[in-house]
Amino acid sequence: MISQKTKSCLEAWKQGWRASGLYFMQGRSECLLYEMLCDFSSEPGWAWTLVFSQSLQRRGEAFAKRSFLWKGFKNHRNPNWERYRIGRSRMRIVKEQSSHWRITCDFPTHGVDYRDYVRASFENLDPLKYEASGECREMEYINIRGRNCTQCTAAWWQTDTSQQLSHFSDLDGCQFGKIDGSLDNEANFGGYWKNNFSSEFRCSSEETSSTNYWFGSKI
């Protein structure tokens, strides 16, 4: 579908589009169009734009390992769940139209049922600027393997361009602290290494499981 000079799914919604799916979005130039995936239905009252998705089996590839401070991209004109990342400049455009970000696990299978899910405002943590090791930042909602909290702090890691934004569930210190039974250095929502992930977490339950990042806003 082609929307008229929109830069995000929120703008597509404001133009009257209601079906979730692929839309052509405008880059910084009017003649530059990107096909992007919009979700209008999984969370009523929200419009979300997919900006990154990786399957677990792609964890060793550069696009999946790099932080959101990195400028690179992968299949940025071909949204898919296995190997997809729009460039940082394009992320900034979508962010300008967004107030929040969220991470879903294996969205094509589970959609949003709020298990293994996180949502936060850019005001409290901006993935495009964040560079710290284990700072406590407020999440609107976070759930890992059924344990959840609302309006609570959780620790996040992202350093220079090499460490993808990650939460480690074996560490304590914030309001959303250590999860019983976590593996050593168990990564959630990204930052997966060789053996630091759990099959009990939806994003890493199988090699084909995916981790999906979205930027969006309330409608």
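This note goes through strand β3 and the disulfides of a predicted model.

1. Strand β3, which covers residues 46-55, has 10 of its 10 residues buried, and it is therefore largely enclosed by the rest of the structure.

2. Three strands can be named as antiparallel partners of β3: strand β11 (residues 210-218), joined to β3 by 9 bridges, strand β4 (residues 83-85), joined by 3 bridges, and strand β2 (residues 33-39), joined by 2 bridges. Individual pairings help to fix the register, including L50 with W214 in β11, Q54 with R83 in β4, and W48 with D39, which stands opposite.

3. In the hairpin of β2 and β3, 6 residues lie between the strands, and G45 takes a positive phi near 95°.

4. The structure holds 4 disulfides, and with the bonded cysteines numbered in sequence order the pairing reads 1-2, 3-8, 4-7, 5-6.

5. C9 and C38 are joined with an S to S distance of 2.0 Å, and the link is left-handed, with -90° about the S-S bond. Since C9 lies in helix α1 (residues 9-14) and C38 in strand β2, the pair ties together parts that are 29 residues apart in sequence. Both C9 and C38 are buried.

6. The sulfur atoms of C105 and C203 are 1.9 Å apart, and this link is left-handed, with -90° about the S-S bond. C105 lies in strand β5 (residues 100-105) and C203 in the loop between β10 and β11, so the pair ties together parts that are 98 residues apart in sequence. The relative accessible area is 3% for the buried C105 and 0% for the buried C203.

7. For C149 and C152 the sulfur atoms are 1.7 Å apart, and the link is right-handed, with 55° about the S-S bond; both cysteines, C149 and C152, are buried.

Note on methods. Residues are numbered from 1 along each chain as its sequence is written. This is a predicted model: local features need pLDDT of at least 70, side-chain atom pairs count only at pLDDT 80 or more; totals for chains, interfaces and linings use all residues. Side-chain values use heavy atoms; hydrogens and water are left out. Buried means under 20% relative accessible area, exposed over 50%, partly exposed in between (1.4 Å probe, protein chains only). Helices (H or I, at least four residues) and strands (E, at least two) are DSSP runs, numbered from the N terminus. Two strands pair if DSSP finds at least two bridges between them. A disulfide is a pair of cysteine sulfur atoms within 2.5 Å.
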